[in-house]
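Let's walk through this model together, one sheet at a time. Keep the 3D view open as you read.

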Amino acid sequence: MSVTPGYRLISLASDRAGDMLDVNRWAFTGDMRPEDLDAYASEIPFSRTRAMEIQDPAFGEVGGLAGVAASYTFRLRVPGGSLVPVAGLTWVGVHPGHRRRGLLRAMMGDHLADARARGEVASALYAAETEIYQRFGYGLAARQVDARLPRGAELRDVPGSDALRVRIEDASLERHGAAVARIQRRIERPGTPTLDHEETLRARFGDPIAHRRDSERMRILLVEDADGVPVAYAFFRREGKWDEDGVPGGKVHTWSFGAVDAAATHRLWSVLLDLDLMGSVEAMPLATDDALLWLLKDPRAARARIRDNIWLRIVDVPAALTAREYLCPVDAVIEVTDPLFHDNHGPWRVTSRDGEGHVEAAPGATPDLVIGVQELSAAYLGGVSLGALAAAGLVEERTPGAVHALAAAFESTSAPVCNLFF
Ligand SMILES: CC(C)(COP(=O)(O)OP(=O)(O)OC[C@H]1O[C@@H](n2cnc3c(N)ncnc32)[C@H](O)[C@@H]1OP(=O)(O)O)[C@@H](O)C(=O)NCCC(=O)NCCS
């Protein structure tokens with residue numbers, strides 16, 4: 001993808017944080033409080049930040065920024081338990097005075113090529129508008145449940161939960177960063193990112209006042225086992241509310257949480273569901289089969305909405321497909337279409353025995369199934385079945401039975417979700 005005439009792509013260092021935030025302020029509307037600038041800047045991964053700089057005075061001040069994009073570095077859990085390197089695209093914005101001139105397209109070409117060059121197998125993102133990124137091959141790889149739970153919602157018992165210890169504190173990178181990263185590394189659910197990279201971890205702890213709305217600053221609930229090993233966390237804020245009769249009915253908001261096992265999950269939610277002066281808990285992002293939803297004695301108590309979670313774009317088909325497990329033996333030829341990366345394009349033989357996948361180019365082989373990179377990316381984490389995509393006419397079966405066989409192999413034993421927003 002070529003760069004639009006009149007602009008050039010540059011890497012951006014932290015001394016231009018103000019210019020970058022200015023583009024985002026224009027792109028996402030609204031002002032930023034001056035006292036929030038440092039908090040926002042602390043979330044920007046400057047080792048991977050790119051910008052479109054104006055070169056033609058006809059478009060604006062030469063050297064000014066017209067568009068920005070950045071990406072976090074992490075490893076993402078895939079079905080079977082492997083962690084694969086993935087780029088987390090973020091901070092994408094084009095100033096409205098420069099929109100629809102191909103700046104995003106140029107930045108996307110740059111981002112995807114960069115991910116490939118770094119050995120990442122895919123790029124993932126949260127979409128401000130779901131249509132934007134599909135043209136670049138991103139598929140809807142995971143959905144999330146946002147639930148509102150009444151205070152005191154009862155949970156079924158889980159042995160060992162009561163023995164776990166709980167700390168509730170102001171969230172701090174210095175005090176809690178290592179514990180949160182350690183828990184992230186242990187969560188087995190597909191779609192979970194690691195927080196091993198310093199910039200990726202730091203971004204979790206930015207707490208701009210604008211994000212608080214009517215709530216308090218960012219708190220953390222940390223669950224530890226008897227040896228002090230962290231086993232669950234939730235970032236949360238409380239919003240105090242009293243009705244006209246003076247009855248308290250505040251809200252607990254949590255937007256990122258994780259637990260390594262059932263006892264830790266139980267302890268985490270037991271505490272969040274019983275905070276004084278609160279009337280309800282807004283819990284997100286839950287996986288569609290989240291343990292909390294199964295622990296509730298009254299599942300209907302969780303008033304739930306489902307929406308898109310992460311979008312994924314495989315950039316290296318053989319590396320991505322080799323890294324995940326296949327739930328049953330399979331031997332099939334998949335023809336992948338990819339308008340951006342021609343070496344992803346073409347027939348691939350996918351074989352698996354004992355769960356381990358093997359993928360090799362199969363030039364000239366007759367495909368059993370034809371699939372676009374967007375659909376392959378959507379199915380990669382097991383968030384949608386190839387059968388569902390075929391039913392929607394988005395996958396072409398060439399050999400009768402191929403969809404059934406491949407759909408079974410591509411299943412995941414738990415639904416994917418990315419448990420933190422970036
Ligand atoms: C979305 C945004 C980044 C697009 O930037 P841009 O430079 O205008 O995009 P481009 O000119 O490169 O457009 C590339 C293609 O995407 C399409 N497109 C761009 N924005 C779109 C949108 N919001 N919805 C649907 N399609 C969109 C364009 O029509 C174009 O299609 P084409 O190649 O078929 O002609 C920009 O409008 C923006 O900053 N919006 C507000 C912030 C935002 O949504 N950021 C994304 C965060 S996830």
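**The five-stranded sheet**

One open sheet is built from five strands with mixed pairing, in the order 17-16-15-18-19. Helices (H or I, at least four residues) and strands (E, at least two) are DSSP runs, numbered from the N terminus, and two strands pair if DSSP finds at least two bridges between them. At the edges you will find strand 17 (356-361) and strand 19 (395-397), each of which pairs on one side only. From one strand to the next, the twist averages 25°.

Before going further, please note that this is a predicted model: local features need pLDDT of at least 70, side-chain atom pairs count only at pLDDT 80 or more, and totals for chains, interfaces and linings use all residues. Residues are numbered from 1 along each chain as its sequence is written.

Now look at the pairing of strand 16 (residues 346-353) with strand 17, which is antiparallel and runs over six bridges. Here R353 has E356 in strand 17 as its bridge partner. Two helices pack on this sheet. Helix 9 (residues 373-380) touches strand 15 (330-337), strand 18 (369-372) and strand 19, and its direction makes about 90° with that of strand 18. Helix 11 (residues 402-410) touches strand 15, strand 16, strand 18 and strand 19, with its direction at about 100° to that of strand 15. For such contacts, the C-beta atoms of two residues, placed from the backbone, lie within 7 Å. Axes are lines fitted to C-alpha atoms, for helices over the stretch in contact, and angles run from 0 to 180 degrees between N-to-C directions.

**The seven-stranded sheet**

Next comes an open sheet of seven strands, again with mixed pairing, ordered 1-2-3-4-5-14-6. Strand 1 (7-11) and strand 6 (139-140) are its edges; each has a single partner strand, so one side of each is left without a neighbour in the sheet. Strand 2 (residues 49-54) pairs with strand 3 (residues 65-77) in the antiparallel sense over five bridges, and E53 stands opposite L65 in strand 3.

Helix 1 (residues 17-28) lies across strand 2, strand 3 and strand 4 (83-94), at about 95° to strand 3. Helix 3 (residues 103-117) runs at about 30° to strand 3 and lies across several strands, including strand 5 (122-125) and strand 14 (311-314).

**Around the ligand**

Which residues come nearest to the ligand? Of the 19 around it (C-beta atom, placed from the backbone, within 6 Å), they are A27, R99, L104, R105 and A128. Helix 1, strand 4 and helix 3 each give two or more residues to this shell.
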